[in-house]
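Trainee: I would like a close look at a single part of this model. Please take me through it in one go.

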Protein chains: 2
Amino acid sequence: MTDVVAEKPRRGRPPVSDEQRQRQRMDISRHAVRLFTEQGVAATSGEQIAQAAGVSERTFWRYFPHKESCVEPLLTKMVDAFCVVLLAWPPELELIDHLRETYSPLLDSATDEDIEAVLAVVRLTHGERALRAAYLMLRERAEDALAEVLAERMGKPRDTIDVRVQAAAMSAVLKVATDDVARASVAGITRSTLDGHREQIATALRGLSQML
Amino acid sequence: MTDVVAEKPRRGRPPVSDEQRQRQRMDISRHAVRLFTEQGVAATSGEQIAQAAGVSERTFWRYFPHKESCVEPLLTKMVDAFCVVLLAWPPELELIDHLRETYSPLLDSATDEDIEAVLAVVRLTHGERALRAAYLMLRERAEDALAEVLAERMGKPRDTIDVRVQAAAMSAVLKVATDDVARASVAGITRSTLDGHREQIATALRGLSQML
DNA sequence: GCGTTTGTTGGCACTCTCTGCCACTAATTG
DNA sequence: CAATTAGTGGCAGAGAGTGCCAACAAACGC
C-alpha cells in the first residue's frame, strides 16, 4: 500500500485551518503589543493579554509558548514581506528600481496601525531584554531565508561562507535602516519617512553590491 | 567643594572586589554549563545549579538574573579575548599573520576544559531556545565592539552604515567559523581543529577585505 | 434526529523562575 | 568594644508555563 495518501476517512471535527489560526495569533499579537508599549513587557501579565484578547489564559499560552513570542506575528509579517520582495527581484533589474516598484505598494497595503505597531516593537527591543532576544532570533531566521535567496542567485550552495557573509551584510543593512526609521517615527510615521527608509536601504544595498 | 572626589571616609565592610565577583560568577557558570550539557537547560533548575556551586539559591539568583545568563561568563571570555586580539591588530600587518602570532597563544593559555565548555554551549544554542537568545545578544555586543574597532581603523564615526555592515560581515565570519569548529569538536578538540579554525577565520576575513 | 469521533477550549493544580523583605553574619574603622 | 556597611540565606509570594481532564464544537454515518 502507498503511505503517500494513506486514505484517512476523515471523521470527527476538522482541525482549524492554518489561516484561521494565524488570524487568531495576529489578533492576540496586536493586543499584546499595545499592552507592551503602554506598560512595558514585564508589567504585562499573560492573564492580562488573554483577557484583552478575549480568550482564557490557558488558550493564550497554547497560542504563544512564551510571552515575548507575542511580537512574532507582527514582526514576521514585516520580515516575510520584505523577503518576498527580494525573492521576486529579477536579475536584470537594478535593486533600487525593483524596490521602488514593489516595496512601496507593499507598505501602502499594510495598515498604518500595523506599521506603527511594528516600529513600536522595534523601539521597545532596545530597552526590553526579552523582546530583544525574540527580535534577534527572528532576524536570524530572516537572514537564513536571505542566504537561501542569495545562494540561488549566485549559483552556489546555501552554506558557502561568502553567501552567509553577504546575507549577514544585507541583513545588517536592513537592521540599521529599520532602527533608523523606528527612531525617526517616534512621533508618528509619514510617507516621506517611509520613502526615505526605502531609499536608504536601496543606497546601502547598492553600495554593498559595489563592494562585493 | 569638588564633587569629583567627594572624600568618603569609607567606613564598614568594603565591597567585594570586581575580580573576586567575576571569579565567583565564572565558577558558578562552569557548574551550570556542565549541568546544561548533561541534562539540558529546561531540566536544570536554579536550585540545582546553586547546590552544585555551593551557594544558596537566593545568592545564585543575585549573581545571575536569568538562568540562561549562566553561560555569559564563559562565552564573554571567549568573545572578549578575540576582540582584544583584533584591537591589537597593527595596521601594517596582514591579519592572518597577526592571528597566527596572537590568537594561537591565547587559545593555548585557556584550559581545555573551558574551550570544551564554550564549544558545548555553542552546540547547545542550536537546540535550546533560551540559550540561543542569550548567545545572540552576546554576539550583538561583540559586533558593537567590533564596529568600534573598525570605525577607528577606517577613520569614520562609529555609526556609519558601512562600518556597521563591515562589522556585521566580520561577525558573520566568526559565527560561521565558530559553529564549524563546534560541530567538528563533538568528539573532543584537537590542536589541528583549532588551527584549522584560525586559518578558516583568517582566510574568510582576508577574502572579506578583498571584497570591501 | 441519534451516537461516535476528533479537535478545541477552559479550569485547576502544580512546578519553576525570579523578587522583595528581613534577619544574620562578615569585614572594616574608631 | 560599638558602629557601620556589605554579602548571604531563608521565607513568602507573584508570575510563567505545563499536564490533565471535563466540557463543548463540528464533522461524520446512521
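Which element gives the most to the surface near DNA strand D, and with how many residues?

Mentor: This is a predicted model, in which local features need pLDDT of at least 70 and side-chain atom pairs count only at pLDDT 80 or more, while totals for chains, interfaces and linings use all residues. Residues are numbered from 1 along each chain as its sequence is written, chains are lettered from A and ligands numbered from 1 in the order in which they are written, and side-chain values use heavy atoms, with hydrogens and water left out.

The element you ask about is α3(B), which gives 4 residues to the surface near DNA strand D. A residue is near a strand if one of its heavy atoms lies within 4 Å of it. Helices here are DSSP runs (H or I, at least four residues), numbered from the N terminus. At least two residues of this surface come from α3 (57-63) of chain A, and at least two from α3 (57-63) of chain B.

There are 23 residues around DNA strand D, and those that come nearest are A:Arg58, A:Lys67, B:Ser56, B:Thr59 and B:Arg62. On the DNA side, sugar and phosphate make up 61% of the strand D atoms that come within 4 Å of the protein. By residue type, the surface holds 9 charged, 8 polar and 6 nonpolar residues. In this count Asp, Glu, Lys and Arg are charged; Ala, Val, Leu, Ile, Met, Phe, Trp, Tyr, Cys and Pro are nonpolar; the others, Gly among them, are polar.

Next come the polar contacts, that is, pairs of N or O atoms within 3.5 Å. A:Lys67 places a backbone N or O atom 2.8 Å from a phosphate oxygen of DNA strand D. A polar backbone atom of A:Gly46 lies 3.2 Å from a phosphate oxygen of that strand. For B:Arg13, the partner of its backbone N or O atom is a base oxygen of DNA strand D, at 3.0 Å.

Both chains appear in this surface, and their arrangement can be stated. A turn of 180° with a shift of 0.1 Å along the axis lays chain A on chain B with an RMSD of 0.1 Å, the copies being superposed by least squares on the C-alpha atoms of residues with pLDDT of at least 70 in both. Such a relation is that of a two-fold axis. Both copies use the same surface, as 96% of the contact residues of chain A recur in chain B, where contact means heavy atoms within 4.5 Å.

Methods:
A polar contact is a pair of N or O atoms within 3.5 Å; within protein, one must be able to donate a hydrogen and the other to accept it, and residues adjacent in sequence count only if both atoms are side-chain atoms.
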